[in-house]
Amino acid sequence: MGRSYDQFCPAARALDVIGGRWTLLIVRELLLGPRRYTDLVAGLPGIGPNVLAERLRELREAGVVSRSRVPPPAASTVYELTALGEAMRPVVDELTRWGLRFLGAPRPGERFRLGWLLGCVRAGFRPELARGLHETYEFRVDGEVFHLRVDDGTLDVRHGSAGDAACVVSTDLATFMAVGARLLAVEDAVERGIAQLEGGLDAVARAVAILGAHLEATNGRYGVIGAVGATFRPDAARGVHETYEFRIGDFLFHARVDEGTVEMNQGPASDPAATLITDLATLLQLGAGTLTLEDAFAGGSATAEGDPEAGLRMAAAFGVVLDGSE
């Protein structure tokens with residue numbers, strides 16, 4: 001264990017164990033199953049080998065992580081969470097929910113791995129819809145493979161393939177997110193050739209029902225509404241009192257901006273100062289800063305209604321890049 005806070009307090013004592021730089025992210029990786037040292041290096045870009053080795057040693061000494069040898073043919077050493085480490089799962093899930101408020105658009109130089117979003121899948125799980133259900137779903141997204149095992153109202157998310165999957169869905173990240181947010185039906189994705197399905201559509205429908213964004217239940221906190229809300233920039237909205245509407249296909253939501261604050265809600269706005277009309281793929285690119293508003297308009301993938309000046313304030317409030325000169 002590193003430096004201690006020297007406080008007789010459960011929170012301080014917990015931070016003595018998992019409060020060091022990289023430590024909680026190591027736990028995040030191991031919550032998806034046993035990992036080899038090289039797997040952890042790949043899943044934690046930027047960590048130095050000496051730091052990783054030191055953090056793993058500290059976690060083993062604290063009884064949070066164990067090390068074991070996998071028998072042939074794998075014949076490799078793996079690290080995995082002990083029962084004490086597994087008890088961190090609800091803590092990490094709730095931290096993930098809280099962290100969605102700050103996610104925003106990717107910053108320059110930030111790396112991304114699909115596995116880092118799997119905590120969001122756990123965070124959005126609806127156990128009440130999974131009572132009595134015993135089923136496994138496998139997803140292959142941009143070359144990464146993971147599976148979700150539902151067992152009578154509980155959920156386990158793991159790296160790798162499942163031998164008993166009720167369905168296997170192969171697709172890209174944008175389609176995976178669109179299906180998860182229930183903005184695109186999986187049968188439509190299959191028909192369009194942007195997803196491939198092994199197994200029954202009924203199994204996929206159950207997976208989406210219990211694992212999807214559930215926008216009507218959560219006001220979009222974990223879906224596309226929450227993703228847009230997370231890009232809001234209070235400093236760019238000082239003195240602004242307007243409502244903006246987003247039309248993503250047949251799906252509508254709006255943002256009410258009031259002096260540097262924002263309230264996101266599903267459904268149409270009664271008095272939108274400006275409305276953005278686009279599709280999910282374009283919205284994701286605009287939010288990530290990989291597509292400018294000028295190019296989206298020029299290419300016909302986005303249009304706008306309302307006051308043009310309000311549209312510019314809308315773009316500024318949500319961090320949309322206007323043109324390539326910015």
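**View 1. Thr-275 faces Glu-305 across a pair of strands.** In this close-up, Thr-275 stands opposite Glu-305, a residue of strand β13. The model shown here and in the other views is a predicted one. Strand β12 covers residues 274–278, and five bridges join β12 to β13 in the antiparallel sense.

**View 2. Five strands make up an open sheet.** Stepping back a little, we can follow the strands of this sheet in the order β11-β10-β9-β12-β13, with mixed pairing. The edge strands are β11, residues 261–266, and β13, residues 302–306, and each of them pairs on one side only. On average, neighbouring strands of the sheet are turned by 20° against each other, direction ignored.

**View 3. Helix α15 lies across three strands.** Residues 308–317 form helix α15. This helix lies across β9 (241–248), β12 and β13. To find the crossing, start from β9: helix α15 runs at about 80° to that strand.

**View 4. Leu-252 sits in strand β10.** The strand that holds Leu-252 spans residues 251–258. How much of Leu-252 is open to the surroundings? Its relative accessible area is 24%, so Leu-252 is partly exposed. Leaving aside residues up to four places away in sequence, Leu-252 touches Glu-245, Phe-246 and Arg-247, and also Gln-266, Gly-267 and Pro-268. Another residue to look for is Ala-269: from Leu-252 to Ala-269 is 17 residues in sequence and 8.6 Å in space, C-alpha to C-alpha.

**View 5. Aromatic rings meet in pairs and in a cluster.** The structure holds seven aromatic pairs. One of them joins Phe-139 and Phe-146, whose ring centres are 5.6 Å apart, with 20° between the planes, and this pair is stacked. Both partners are buried: Phe-139 has a relative accessible area of 12%, and Phe-146 has one of 2%. Phe-251 and Phe-253 form a tilted pair, because their planes stand at 40°, with the ring centres 5.8 Å apart. Phe-251 is buried at 13% relative accessible area, and Phe-253 is buried at 0%. Which residues form one aromatic cluster? Phe-251 and Phe-253 belong to it, together with Phe-232, Phe-246 and Phe-318.

**View 6. Arg-60 belongs to helix α4.** Here the focus moves to helix α4, residues 49–61, where Arg-60 has its place. With 35% relative accessibility, Arg-60 counts as partly exposed. Its contacts, not counting residues up to four places away in sequence, are Val-65, Arg-67 and Tyr-79. Leu-81 is 21 residues from Arg-60 in sequence, and the two C-alpha atoms are 9.2 Å apart in space.

**View 7. Two cysteines, and no disulfides.** How many disulfides does a search of the whole structure find? The search finds zero. Cys-9 and Cys-167 are shown here for their surroundings. Cys-9 is partly exposed, with a relative accessible area of 30%, whereas Cys-167 is buried, at 1% relative accessibility.

**View 8. The whole chain sets the scene.** To place the close-ups, here is the full chain, with its 15 helices and 13 strands. The chain has 326 residues, and 41% of them count as buried. Its accessible surface comes to about 16700 Å², and 54% of that surface belongs to carbon and sulfur atoms. Among contacts between residues at least 6 apart in sequence, 60% join residues at least 24 apart.

Key. Residues are numbered from 1 along each chain as its sequence is written. This is a predicted model: local features need pLDDT of at least 70, side-chain atom pairs count only at pLDDT 80 or more; totals for chains, interfaces and linings use all residues. Side-chain values use heavy atoms; hydrogens and water are left out. A disulfide is a pair of cysteine sulfur atoms within 2.5 Å. Buried means under 20% relative accessible area, exposed over 50%, partly exposed in between (1.4 Å probe, protein chains only). Rings of Phe, Tyr and Trp (its six-membered ring) pair if their centres lie within 6.5 Å; planes under 30 degrees apart count as stacked, over 60 as edge-to-face and the rest as tilted. Helices (H or I, at least four residues) and strands (E, at least two) are DSSP runs, numbered from the N terminus. Contact means heavy atoms within 4.5 Å. Accessible areas come from the Shrake-Rupley method with a 1.4 Å probe; for residues, only the protein chains shown count as cover. Two strands pair if DSSP finds at least two bridges between them. Axes are lines fitted to C-alpha atoms, for helices over the stretch in contact, and angles run from 0 to 180 degrees between N-to-C directions.
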